[in-house]
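Please open the structure in your viewer and keep the selection tool at hand. The tour below proposes one selection after another and says what is there.

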Amino acid sequence: MKKSVIFGLFLITILLSACGNQVSQQPSSSNEIGEETETFIPDTNQQSVPIITEDIQIKNVEMKNFAFDPDEITIKAGDSIFWVNEDSAKHEVVFSSMSINSRLMSKGETYQYKFDNPGTYEYYCSVHPSMKGKVVVE
Ligand SMILES: [Cu+2]
């Protein structure tokens, strides 16, 4: 009798913790922004939505496992990219065509750049030249 009660409590604890994990895993920092913008576009009820939030967007690019994620990203002119270094190694965002660089970024450091002009902008990491990324500005 006692054993079955303890076992039952044990099961409930596992189930609760499993549910808790699923809930906390769902929001991803990089997906959140994308999902928000997708829900904004088909919304024809624009009366309550300020016009500014439609036009200004910041998209995340993670520097993870010696790669940019996503390595190619499309934004609109006036949008910004927000790079976050998730690696313990240092990384640097370098746009050779624009003589722009983030300087070396340690883990947790971020760099943001606003792209005003349409075009395709390739970049790389100065420390790891095989780390390459592309920003397409429409
Ligand atoms: Cu690097």
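**Starting from one residue**

Select Val61 first in this predicted model: leaving aside residues up to four places away in sequence, Val61 touches Phe68, Asp69, Pro70, Ile73, Ile81, Trp83 and Gly133. Several of these names return at the next stop.

**The nonpolar core**

Next, extend the selection to the largest nonpolar core, whose 11 residues are Val61, Met63, Phe68, Ile81, Trp83, Val93, Val94, Tyr123, Cys125, Met131 and Val135. At least two residues of this core come from each of β1 (58–64), β4 (80–85), β5 (93–95) and β8 (119–125). Over the protein chain of 138 residues, buried residues make up 12%.

**The open sheet**

Now colour the strands of the open sheet, in which five strands follow the order β3-β9-β8-β5-β6 with mixed pairing. At its edges stand β3 (72–75) and β6 (100–101), each of which has a single partner strand, so one side of each is left without a neighbour in the sheet.

Begin at β3, which pairs with strand β9 (residues 132–137) in the parallel sense over four bridges; here you can select Ile73 and find Val135 of β9 standing opposite. Moving on, β8 and β9 run antiparallel and are joined by six bridges, and Thr120 has Val136 in β9 as its bridge partner. If you trace the backbone from β8 to β9, you follow a hairpin that connects them through six residues. On the next pair, β5 and β8 are antiparallel, with two bridges between them, and Val93 stands opposite Cys125 in β8.

**The whole chain**

Zoom out to see the complete protein chain, which has three helices and nine strands; along the sequence, the helices and strands follow the pattern α-α-α-β-β-β-β-β-β-β-β-β. Among the contacts with a separation of 6 or more, 46% link residues 24 or more positions apart.

**Where to read with care**

Finally, colour the model by pLDDT: where is confidence lowest, and where is it highest? The lowest value belongs to helix α2 (residues 29–40), with a mean of 46, while the highest, 98, belongs to strand β2 (residues 67–69). Select residues 19–41 as well, where pLDDT stays under 50 and the model has 10 contacts beyond four places in sequence. Where pLDDT is low, the predicted coordinates should not be read in detail. For the protein chain, the mean pLDDT is 77, and 60% of the residues reach 70 or more.

Conventions: Residues numbered from 1 in each chain as written. Predicted model: local features only at pLDDT ≥ 70, side-chain atom pairs only at ≥ 80, totals over all residues. pLDDT = per-residue confidence, 0-100. Contact = placed C-beta atoms within 7 Å. Buried ≥ 20, exposed ≤ 12 C-beta atoms within 10 Å, placed from the backbone. Core = buried A, V, L, I, M, F, W, Y, C linked by C-beta atoms within 7 Å. Pairing = 2+ DSSP bridges.
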